[in-house]
Amino acid sequence: MGDLENKILNVPPLWKELIIKNKPLEQLIDKDFLVNEYQTKTIYPKIDNIYNALSLTPPNSVKLVILGQDPYIREGQAHGLAFSVPKGTIFPPSLKNIFKELKIEFSYPIPKSGDLTFLAKQGVLLLNTALTVEEGKKLSHKEVWVNFTDEIIKIVSSFNHPIVFLLMGNEAYKKADLIHNKNHLIIHTAHPSPLSANRGFFNSFCFQKCEEFFLKHNESPIDFNGNNY
């Protein structure tokens, strides 16, 4: 197996162990398609960053799943965490609107960095419904990842400790039917993009609802401010 193929199947071990109890990775990930895409087109994120969300948030630490659509489609933005961008990168509109909502809810200042790694390390699984995308083409890899991300959601839903699923946008909300555990809370908002943020994201108080759920279940809250990053 070549280097590209190895990287495409390089799911973090703790997650891989849970996934392959049900199905082989080869049935969930179209390896050949992705190898060809990375060889012939510009695909985001970089191949080494596909599974950053799973690497930074192991299964036993998941408290909150923030589910988005697919990675950013412009150069230098996507790095494997939903809605996050590397330090020093100008905020895409969706991320800017997330920070605006956090300011509405908690009066947090707009941060200096859009890197949300600090959330991932607190148990926030920053997952997209598709883990890769062709440059400039939203949802271009939607069908490639649907089985894989479905499996991740099913696995997290099977955990018995209280978890919040914050589903942002219609693509994310399609996963709600996979979440059956009554210990968990599902919150659905509009996608934070400028096209939909005013139709159910702004003033949704989705982050406050997460905190209220954690307090109700004697779980430590998430620090969404992160000391202004």
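**Exercise 1. Locate His79 and describe its surroundings.**

*Solution.* Begin with the position along the chain: His79 lies in the loop between strand S2 (64–68) and helix H6 (93–106), where helices (H or I, at least four residues) and strands (E, at least two) are DSSP runs numbered from the N terminus. The structure is a predicted model, in which local features need pLDDT of at least 70 and side-chain atom pairs count only at pLDDT 80 or more, while totals for chains, interfaces and linings use all residues. Residues are numbered from 1 along each chain as its sequence is written, and side-chain values use heavy atoms, with hydrogens and water left out.

Next, consider accessibility: His79 has a relative accessible area of 11% and is therefore buried, given that buried means under 20% relative accessible area, exposed over 50% and partly exposed in between, with a 1.4 Å probe and protein chains only.

Finally, list the neighbours. When residues up to four places away in sequence are not counted, His79 touches Pro45, Asn49, Asn52, Ser84, Val85, Pro86, Asp115 and Thr117, a contact being heavy atoms within 4.5 Å. One of these, Asn49, is 30 residues from His79 in sequence, and their C-alpha atoms are 5.7 Å apart in space.

**Exercise 2. Is His188 buried or partly exposed, and which residues does His188 touch?**

*Solution.* First, place the residue: His188 belongs to strand S6. Its relative accessibility is 36%, so His188 counts as partly exposed. Then look for contacts: outside the residues up to four places away in sequence, His188 touches Leu167, Gly169, Asn170 and Tyr173. As a last step, take the distance to Glu151, which is 37 residues away from His188 in sequence and 20 Å away in space, C-alpha to C-alpha.

**Exercise 3. Describe where Ser193 sits and what Ser193 is in contact with.**

*Solution.* Ser193 is placed in the loop between strand S6 (185–189) and helix H10 (206–216). With a relative accessibility of 14%, Ser193 counts as buried. Leaving aside neighbours within four places in sequence, Ser193 is in contact with Ser94 and Asn97.

**Exercise 4. Describe how Tyr51 and Trp145 are arranged as an aromatic pair.**

*Solution.* A pair of aromatic rings is described by the distance of the centres and the angle of the planes. Rings of Phe, Tyr and Trp (its six-membered ring) pair if their centres lie within 6.5 Å, and planes under 30 degrees apart count as stacked, over 60 as edge-to-face and the rest as tilted. A search of the whole structure finds nine aromatic pairs. In the pair of Tyr51 and Trp145, the centres are 6.1 Å apart and the planes stand at 80°, an edge-to-face arrangement. Tyr51 lies in the loop between strand S1 (43–44) and helix H5 (52–56), and Trp145 lies in helix H8 (residues 142–158), so the pair ties together parts that are 94 residues apart in sequence. Tyr51 is buried at 5% relative accessible area, and Trp145 is buried at 0%.

**Exercise 5. Describe the pair of Phe106 and Tyr108, and name the cluster to which they belong.**

*Solution.* Phe106 and Tyr108 are stacked, with 5.0 Å from centre to centre and 25° between the planes. Phe106 has a relative accessibility of 25% and so counts as partly exposed. Widening the view, Phe106, Tyr108, Phe207 and Phe224 form one aromatic cluster.
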